[in-house]
Protein chains: 2
Amino acid sequence: MSSPASELTQTLPEKITATLAERIVDGSYPPGSRLIEATLSQEFGLSHGPIRDALRSLQHAGLVTILPYRGAVVTDVTVREIRELYQVRAALVGLRARWIAEDPQRAELVAKVKAPIARMQQLAGKDRAEYTRMALMVNRTLTESLSNNWLRSTLASLMLQTSRYTRLALASAAHQKYSARQWQALLDAIESGDGERAEKIAATLSQATRDEATKFLENKPERGAARA
Amino acid sequence: MSSPASELTQTLPEKITATLAERIVDGSYPPGSRLIEATLSQEFGLSHGPIRDALRSLQHAGLVTILPYRGAVVTDVTVREIRELYQVRAALVGLRARWIAEDPQRAELVAKVKAPIARMQQLAGKDRAEYTRMALMVNRTLTESLSNNWLRSTLASLMLQTSRYTRLALASAAHQKYSARQWQALLDAIESGDGERAEKIAATLSQATRDEATKFLENKPERGAARA
DNA sequence: GGAATAATTATTGATTATTAATAATCTGCG
DNA sequence: CGCAGATTATTAATAATCAATAATTATTCC
């Protein structure tokens, strides 16, 4: 009786939201691009309704900005705002690390990410694209393992935004190597159940990533683009 | 300040969202109530469009649950989920306290909440309704003072959800007195710039509030209502 | 020519009517 | 009593339309 029915039904707006989010995150729609209802509804072969819904969702996710009677624009984040995002992100991934480390059933999750993190040690400084993919993947796995619904969905949305910039942070081989080492340390801390240490490592790594990412943007004083 | 153009234009869905949120939080719409588009559009004298938008916003705020082809229902939160919400809330209000305490320009904010917090000392154990109002007000003031946009809006949404339950926590005179003392201590810590201590006090108080609120709900094993 | 002002255009906001899809409820039959 | 099938209530989506608004372009007057 308590089974919450079928969550299988994926409505149109959800699908549209997903594909548009992908395009924004991967840079196909650069910051400042306008997302026009008429154009999109034509492209997807849909009426305005579902498109509107999707744009509203993207606004909630922070990926577009909607101004009344002016429409949706891909959010162009200032360097200051990126720093703010990472500041919260550092706190929340710290919390994530601590809760995972203190979870009695963490063994299953550890098993799942052990191989990817080991692989990251190999890739660091050698294959940037693959390293980035692995890092994002491990991050997603950790977030999705959270039993706290609110933190899981909120952190997922925050990561979606910041992932627009992590590729910048991982440009330097040195930072890749540093990141790989810290991921390994984090895994060890989690495995040994040391929540305090896990939190510290995760937060520190996040801050380092922020510094690395913003380094590339501080030249452009006003607005930071997220191109590939 | 960076006033981002005219945010004056408040669209219909925003207004609807606000009034519906109020009704949910104050218990006029108890958990499980169905929010039917046709009924609402008739009541507000509007078409379905804006109502739909508003319901989507409420879903994002976590106040209603929408199931495809079944519509919106006021979210009925399990005791477990309430505990989860407060768990994150404790972490985030801790962060809020620390950042405020470490803000060089915190004097202005301190001045603004000093009188209300002093008043809370008087009210504690005497006027529950007024004490609750003051507590929510001070909380809102602190959140709105945050310069970090993301944390401000996210925490506001989280507080909106938990405020459905704070009235339960403040039922006991003893907890009101404890709460008042802790608020005073928090104010002192902030004033003296002790971020560490401010964070600890805020998080501890939030956890105590959670324990107090859930005490009233643990009897009802399955679902916890948020009636007045 | 150049600045203020007025018309035009592009686009979203909102309404209305209609059809399709779906979940829940009811009904009658065995 | 239980279940198959019809019914109903409600949302999902479409389409056409008008209003409101912001941005752009054209026009006028100095």
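Here a biologist and a modeller talk through a predicted model.

Biologist: Let's start with helix 8 of chain B; what makes its reach close to the one expected?

Modeller: Helix 8 covers residues 173-191, which is 19 residues, and spans 27 Å from first C-alpha to last. At 1.5 Å a residue you'd expect 27 Å, so the reach fits.

Biologist: Why are Trp183(B) and Leu186(B) called buried?

Modeller: A residue counts as buried if 20 or more other C-beta atoms lie within 10 Å of its own, so that's the bar they pass. Gln176(B), Ser179(B), Ala180(B), Ala189(B) and Ile190(B) are buried in that helix too. Their cover includes helix 4, helix 5, helix 6 and helix 9 of chain B.

Biologist: And what follows helix 8 of chain B?

Modeller: Gly193(B), with a positive phi near 75°.

Biologist: Over to the sheet in chain B: why are strand 1 and strand 2 called edge strands?

Modeller: The open sheet has three strands in the order 1-3-2, with antiparallel pairing. Strand 1 (34-35) and strand 2 (64-67) each pair on one side only, which means they are the edges.

Biologist: How do you know that strand 1 of chain B pairs with strand 3?

Modeller: Pairing takes at least two bridges, and two join these strands, so they qualify. Leu35(B) stands opposite Ala72(B) there. Helix 3 of chain B packs on this sheet, touching strand 1, strand 2 and strand 3.

Biologist: Which helix gives the most to the surface near DNA strand C?

Modeller: Helix 3 of chain B, with three residues. In total 19 residues surround that DNA strand, and Glu37(A) and Ser47(B) are among the closest.

Conventions
Residues are numbered from 1 along each chain as its sequence is written. Chains are lettered from A and ligands numbered from 1 in the order in which they are written. This is a predicted model: local features need pLDDT of at least 70, side-chain atom pairs count only at pLDDT 80 or more; totals for chains, interfaces and linings use all residues. Helices (H or I, at least four residues) and strands (E, at least two) are DSSP runs, numbered from the N terminus. A residue is buried if 20 or more other C-beta atoms lie within 10 Å of its own, exposed if 12 or fewer, and partly exposed in between; C-beta atoms are placed from the backbone. Two residues are in contact if their C-beta atoms, placed from the backbone, lie within 7 Å. A residue is near a molecule or strand if its C-beta atom, placed from the backbone, lies within 6 Å of it. Axes are lines fitted to C-alpha atoms, for helices over the stretch in contact, and angles run from 0 to 180 degrees between N-to-C directions.
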